[in-house]
Amino acid sequence: MRPISPTVNHPILDLLETSRTVNAIKQVHALMITTALILHTYPISRILLSSARFSPLPYTLTIFNQVRNPSIFLYNTIISSLTQKDQPKVAVSLYCKILTTGQPTLKPNNYTYPSLFKAFGSHQLFEHGRALHAHVLKFLHTPYDGFVQASLLNFYSRCGRVDTARYFFDQISRPDLATWNSILSAYARDSCLGFVSNSGLEVLNLFGRMQKSLVEPNEVTLVALITACAELGALSQGTWAHVYVIRNGLSLNRFIGTALITLYANSGCLGFARQVFDKMPQRDTFCFNAMIRGLAVHGNGNEALDLFEIMKEEGFIPDDVTILAVMCACSHVGLVDEGRKYFDSMKGIYGIEPKIEHYCCLVDLLGRAGLVKEAEERVLTMPVKPNAILWRSLLGAARVYGNLEIGEFALSKLLELETEISGNYVLLSNIYACMNKWEDVKRVRELMKEKGVDKTPGSSLVEVDGSMHEFLIGDKSHPRVGEIYSKLEEMNIKLREFGYRARTREVLFDIEEEEKEDALLYHSERLAIAFALVASDSRAPIRVIKNLRVCVDCHSITKILSAVYGREIIVRDRTRFHHFSNGSCSCLDYW
């Protein structure tokens with residue numbers, strides 16, 4: 001092979017540009033052989049690129065294998081082409097060939113690794129990628145090329161190693177748009193793993209830095225930003241992103257549309273979510289899933305089922321997420337028979353094997369409806385091993401309906417899996433408390449102390465004028481603490497005037513919601529509501545995000561407060577949304 005090409009604009013290479021079939025590429029290949037053009041590096045790289053796109057893999061490899069002592073440039077060319085054709089194993093085998101040829105001049109360079117890291121990241125082959133990272137340290141000198149740093153960042157972000165990805169991001173002095181998108185998407189994906197997490201806040205912080213760097217965002221950037229806002233319930237920032245999309249003529253594609261639907265649904269603005277859904281020029285299964293889920297968690301179960309039927313009529317195939325959302329819709333409105341039907345349809349109609357999440361939803365559906373024994377039977381006969389979430393759902397159902405036998409059994413199974421989660425003990429303690437078994441309540445408390453288990457503190461977020469304010473139980477750290485507690489006292493007076501009496505039976509152990517038995521009047525959501533009454537427009541809805549399930553007492557007083565102050569109060573707890581208005585809740589006290 002001759003390392004220097006005699007020409008770049010050869011007529012045969014121009015002919016190669018128009019070749020889009022296997023036969024055409026073979027004919028050009030034959031011309032390159034007869035004219036000796038095949039002896040030069042650049043023409044070989046061109047035929048490899050075209051062959052990788054339009055020819056079978058064996059033919060492309062045959063062309064490459066006929067090259068004598070291929071240079072690292074040609075290895076990089078074919079490795080990149082193969083990764084783009086989703087052939088990571090073949091690409092890795094060629095990389096290994098680089099290392100074993102014995103040619104002293106043949107070594108990986110800055111252009112060898114980015115495509116391999118991209119392939120490993122796409123398939124989340126973390127161990128392979130980490131081993132490849134060791135090769136980077138061995139063969140390349142620091143400081144690394146920007147493309148190598150960006151590929152490492154993208155690989156670790158795709159594999160969920162956000163801290164490592166952030167390390168590489170911080171090494172890049174002037175990130176380009178693709179680099180910004182990689183780190184923003186990494187944090188956005190991470191924020192989806194928790195109910196409210198610092199990852200979502202970091203997306204907002206990084207996006208602010210990106211704006212100051214004068215890098216213009218694109219659709220990928222906006223998807224990451226809107227996703228983070230959706231998880232945080234940051235409606236103002238998410239609305240700003242929506243306006244940015246419109247004003248800058250960005251496409252309302254399926255990805256942005258799905259993110260916006262989730263944003264508005266997660267922020268309690270179900271009507272806006274539906275408007276976005278209805279205006280989308282193109283929809284896919286993910287869009288329908290987001291809208292059906294939004295309807296479900298807001299308690300609009302029948303509307304969610306109607307949309308599911310529309311989805312099928314339009315020719316979209318439901319996936320496992322669709323069925324989970326539909327079952328969730330049935331669970332929140334007590335449609336037991338329909339929920340069973342959809343669960344049974346997974347294998348019989350759609351050929352989908354139920355996952356542990358579907359069994360959890362089925363147990364929750366049965367448990368909410370009081371069918372605790374049937375729920376237990378489902379758990380004991382399911383083909384996969386029950387996880388902690390499933391046993392906790394069963395324990396919660398036993399607590400609501402006072403089934404001590406099933407509750408104790410579920411707790412014993414939970415403690416085999418989770419010995420340090422406070423909610424497991426709390427649920428059983430509540431069963432004992434409801435049955436006036438105070439010695440058993442005491443025994444559970446002592447068991448918690450013995451194992452060093454502390455109750456999870458309740459926290460609530462409320463958005464006022466575009467800023468998120470967080471409150472814990474009995475919180476006095478807010479700058480406007482005096483006004484908040486004055487409003488809280490006013491609220492308590494008005495509640496008593498309405499005949500409110502605190503439900504103290506489960507104050508100590510109310511679904512792991514708060515920390516102290518004398519703190520019922522200072523639960524985190526009450527402080528959040530008090531602050532919103534002080535600081536927000538009297539006509540604006542109050543939107544609260546709680547990290548735990550809303551307790552019975554707070555649910556009751558929030559209904560009253562919505563009538564007393566004439567405010568719509570929207571509470572997003574661990575499982576669903578509650579729309580409080582004029583003294584009633586959208587859940588109809590079924591949650």
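Okay, to start: which residues in helix 5 meet which residues in helix 7? Keep that in mind while I say one thing up front, namely that we're looking at a predicted model.

So, the answer. On the helix 5 side we have Ile-79, Ser-80 and Thr-83, and they meet Ser-115, Leu-116 and Ala-119 in helix 7. Sorted by class, that contact between helix 5 and helix 7 has three nonpolar residues, three polar ones and no charged ones. For the geometry, helix 5 covers residues 72-84 and helix 7 covers 113-122, and the two pack at an angle of about 20 degrees with their axes 9 Å apart. Angles under 35 degrees count as roughly parallel, so helix 5 is roughly parallel to helix 7. And the crossing of helix 5 past helix 7 is left-handed.

Let's stay with those two helices, but go to the second largest pocket. Its volume is about 940 Å³. There are 31 residues in the lining of that pocket, and the ones nearest its centre are Lys-118, Ala-150, Asn-154, Ala-178 and Ser-182. Which elements give two or more residues to the lining of this pocket? Helix 5 and helix 7 are on that list, along with helix 9 (146-158), helix 11 (177-191) and helix 13 (219-232). If you're thinking about the chemistry of that lining, it has twelve nonpolar, 15 polar and four charged residues.

Now, closed space. How many cavities of 30 Å³ or more does the structure hold? Just one. The largest cavity has about 80 Å³ of space in it. It is lined by 14 residues, with Gly-233, Ser-267, Arg-543, Val-544 and Ile-545 closest to its centre. Strands come in here: strand 1 (459-464), strand 3 (542-546) and strand 4 (569-572) each supply at least two of the lining residues of the largest cavity. By class, that lining has seven nonpolar, four polar and three charged residues.

Back to helix pairs, two more of them. Helix 19, residues 320-333, packs with helix 20, residues 336-348, at about 165 degrees, their axes 8 Å apart. Over 145 is the cut-off for roughly antiparallel, so that's what helix 19 is to helix 20. Helix 19 also passes helix 20 in a left-handed crossing. In the contact, helix 19 brings Ile-323, Val-326, Met-327 and Cys-330, while helix 20 brings Glu-338, Gly-339, Tyr-342, Phe-343 and Met-346. That contact of helix 19 with helix 20 splits into seven nonpolar residues, one polar and one charged.

Last pair: helix 27 (481-497) and helix 29 (552-564). Their packing angle is about 95 degrees, and the axes are 10 Å apart. The range for roughly perpendicular is 65 to 115, so helix 27 counts as roughly perpendicular to helix 29. Who touches whom? Met-491, Lys-494 and Leu-495 from helix 27 meet Ile-557, Ile-560, Leu-561 and Val-564 from helix 29. Class-wise, the contact of helix 27 with helix 29 has six nonpolar residues, no polar ones and one charged.

That's it from me.

Definitions and conventions. Residues numbered from 1 in each chain as written. Predicted model: local features only at pLDDT ≥ 70, side-chain atom pairs only at ≥ 80, totals over all residues. Heavy atoms only, no water. Axes fitted to C-alpha atoms, helices over the stretch in contact; angles between N-to-C directions. Helix = DSSP H or I, 4+ residues; strand = E, 2+ residues; numbered from the N terminus. Left-handed = near helix turned anticlockwise from the far one by under 90°. Contact = heavy atoms within 4.5 Å. Nonpolar A, V, L, I, M, F, W, Y, C, P; charged D, E, K, R; others polar. 1 Å grid on protein atoms, 1.4 Å probe; cavity = no way out; pocket = protein on both sides within 12 Å on 5 of 7 lines; lining within 4 Å. Points joined across faces, edges and corners; volume = space filled by probe spheres on them.
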